[in-house]
Amino acid sequence: MAVDPAFSAIKPNQTGFYVWRIEDMALVPYPKEEYGKFYNGDSYLLYSASERGQQAGPNVAFKEAKGALEQFVHFWLGSETSQDEAGVAAIKAVELDDFLGGSPVQMRETEGNESARFMGYFRESLRILQGGVASGFKHVSDEYTPLLFSVKGKRAPLIRQLKEVSWKEMTEGDVFVLDTKDHIFVWTGRSANRYEKMHGAKLAQKIKAEHGGSIIVFVEDGQEHLLPSAEREKFNSLLNLKEKDLSPVVSDEVTDKERSSEIKLYQCTDESGTLKITEVKTAPLYQTDLNSQDVYIIDNLPAAVFVWVGKKASKQERSESMRNVQAYIKKKNYPSSTRIVRVLDSGEPVEFKSLFKSWKEKDAQVGLGKAYVYGRGIAKVMDTHFDASSLHEQPKLAAESQMVDDASGEKIIYRIEDFELAKIPDNHYGMFFSGDTYVIHYKYLINGRENHIIYFWIGQRCGQDEAGTAALKAVELDTKLGGSAVQVRVVQGKEPPHFLAILGGRMVVFHGGLASAFEKQDGETDEGIPKSYMLQVRGNAPHNTRAIQVDMEAASLNSNDTFVVKTPSESFIWAGKGSTGDEREMAKVVADRAKIDPISVYEGQEKDDFWEAIGGKGEYASNKILADESPDFDPRLFQCSNASGKFKAEEIIEFNQNDLVPDDVMVLDACTTIYVWIGAESNKTERERAMQMAQEYLKTDPSGRKDIPIVQIRQGQEPPTFTGFFGAWDDKMWEGQSGFEGVKQAMAQSDPSGVIMTSKSGYEGSVYPIEVLKEKDPEKLPYGVDATKKETYLTIEDFKEAFKMTKEEFAKLPTWKQQDLKKSAGIF
């Protein structure tokens, strides 16, 4: 296939960002100053190449890549583009893919349904404008006809030019920018979010710069009548206030679906020229479900439909993969706007790999306990004797090791008893019962600053009441500490490294619970510990060792582990053939609790006294197996909300600290740990339900993880185990950060004559003209207006004109007199 001259500047191993538009059925380089502007009558092709873990987009430097490239080819189709132009964009995407050796991820983007990755390229401004190259469009700066733009979305709002200037195009949930050239009105709906407001202000500034000078006017929903007379007249001439009838906000529940419940895997073949699609299975999906000789379709609506092309698939299957998945979408009667992503074997992006229960890259580290893979690097197992301050100076190391210090701080351990905290004796530290819940308060110093972690541990056999109480007591303890603690939810068997390290490798979980601990049973000590027991020990260092009680019989043994056996008179350490010296040493630490010198027993060399201690010889699992492989995993950041009554998690691609915005609750998925970050200005409901939201997030995770540690942290109290995932971290970033009101004030101060803001004239709340308030039908009054107190919605000036007195004078009148006056004014 001939190479399009448009690709001549691209070097296969170089980072860069390119945009072309389809003009006269050919690719034409798009001017860089126009990046972020897309016309709905056009089709575009984009190519992004960046080093793994580095920012991508228009500002990426063109240079030789030092590591592996992340390559993405997007073709974007406007809602009014022609079929011919859309077809050329798709063909050129295939040509570019071939030119680059078939390695890029290919993504079909449609107007209004852009992927998070595509949106992430244009965080500052993504504008969808009316027109196109074929229709002879004009730049906004040359257009004198008033234009209306909507600013809608979270974090990276989409700016769209609307077809007409009309209240029918507007909702109370978004921001709208009305451009009349002389005036640029920024109208903010009462339910608009902070991102929409901030982007509305930025858009107004950009349009003003394009015009070469305009007056920016900020006006809030319900405050239109407080505009200065000239601006009010101009606004009203285009958006007649008597015709104000906002469209209802579309609920998220109308379009949302469960993320994981509908994931399906299909095998795609093209036999005898006929497309054949066979369903293979539904979630959970495994990497082994994919065969490199075949092509597969993964249906993950509403997010996207993926087509995976195996390395050994034919050239024809590769080139026709996008056509085949489009045929699949048509066959399923899915919307034409459905997002399509084509990925190549061994070049899968994180969005794709996250759909599978496990994913392992070729040549990645093997062996859990030998190395841990977190984020974008491999952290070797370390002991806990190191300079704790170095972790805070090197947060990436802390993130990889999941250690905040050397575990030598102070700890107090409580058990939940009768729904209260009961401190357990120091000599019982590390001893847990699977039927109980515990709260551990850990305190440590870093550079003279006192830090707190509150772990609440939930046994596998505890009741829901106990689990709920542990979470509640953790919150109460955090409150007593002034909200400065990091809260960590820990489920038995999924303890994080630091939790195990502070117990010094001596964590033991016995069967039973509170009752057996206080009501002595036959064969138990006064503390509820069985006089005879058998522990399965796993781990080779203090930060990964735990011992769990198992049935005292031969069938419980396993060649890959070590076991501690204790009877009233003797103690044994049994070492399987697959165990290591480090694991046997940790078993000795566990056995030390028995206070009887243990007898070392090696598999295959057991004597009769050992078999007698566990009830006799018997069969057990004796096949030596490799330890679980560490998954290849990039950390992922999500903005989470349940404001609609249904949980929703939206991913932020290529995140950094700037994506942690104070009025959000965020979830950082670090594979083995889930972090919940609570912004200082987040709403009360989301703060109170943060832990529950994290659990809901795990329920929607296609990989099927559950019960992994959940860490709750507050803005300004981030530990290095969290900050290390964000690259450069600025502790002072949020100091003095301005909100929307601050941005408006700053704009007004820098250009006093070029910015106008509505003044409430001492009135707090929405105001309306008396003509609007004379409406007799309460259902037809503006949203939020109390029909029994219409007079309170008048401006001070309108109130005086209607009643010939001030609001204070009116308030002193008897009720009957007030009602007569309201009748006379026509607003009773």
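Entry 1. Burial of Tyr35 and Phe17.
I took a residue as buried when its relative accessible area is under 20%. The model I am reading is a predicted one. I looked up Tyr35 and found a relative accessibility of 19%, so Tyr35 counts as buried. For Phe17 I noted a relative accessible area of 2%, and Phe17 is therefore buried.

Entry 2. Aromatic pairs.
How many aromatic pairs does the structure hold? I recorded 45 of them. I then examined the rings of Phe17 and Tyr35, whose centres are 5.9 Å apart. Their planes stand at 70°, and planes over 60 degrees apart count as edge-to-face, so I entered this pair as edge-to-face.

Where do the two residues lie? I located Phe17 in strand E1, residues 16-23. Tyr35 belongs to the loop between strand E2 (26-29) and strand E3 (37-39). The two parts are 18 residues apart in sequence, so the pair ties them together.

Next I looked up the rings of Phe803 and Phe810. Their centres are 5.0 Å apart and their planes meet at 45°, so I entered the pair as tilted. Phe803 is buried, at a relative accessible area of 4%, and for Phe810, also buried, I noted 4%.

Entry 3. Aromatic cluster.
Which residues do ring pairs link into a cluster with Phe17 and Tyr35? I listed Tyr30, Phe38, Tyr44, Trp76, Phe118, Tyr121 and Phe122.

Entry 4. A charge over a ring.
I checked Lys823 and found its charged end over the ring of Phe828. The distance to the centre of that ring is 5.0 Å.

Entry 5. Strand E17.
I turned to strand E17, which covers residues 340-344. Is this strand mostly covered or mostly exposed? I found it mostly covered, with five of its five residues buried. Ile340, Arg342 and Leu344 point one way from E17, while Val341 and Val343 point the other way. I noted that Arg342 is among the buried residues of the strand.

Entry 6. Partners of E17.
I looked up how E17 pairs with other strands. Strand E6 (residues 105-110) runs antiparallel to E17, and three bridges join the two. Strand E16 (residues 304-309) pairs with E17 in the parallel sense, over five bridges.

Which residue of E17 is the bridge partner of Met107? I identified Val341. Phe306 also stands opposite Val341. I closed the entry on Val341, a buried residue that I had found as the bridge partner of Met107 and opposite Phe306.

How values were computed:
Residues numbered from 1 in each chain as written. Predicted model: local features only at pLDDT ≥ 70, side-chain atom pairs only at ≥ 80, totals over all residues. Heavy atoms only, no water. Phe/Tyr/Trp six-rings, centres within 6.5 Å; stacked < 30°, edge-to-face > 60°. Helix = DSSP H or I, 4+ residues; strand = E, 2+ residues; numbered from the N terminus. Buried < 20%, exposed > 50% of the residue type's maximum accessible area, 1.4 Å probe, protein only. Lys NZ or Arg CZ within 6 Å of the ring centre and 35° of its normal. Pairing = 2+ DSSP bridges.
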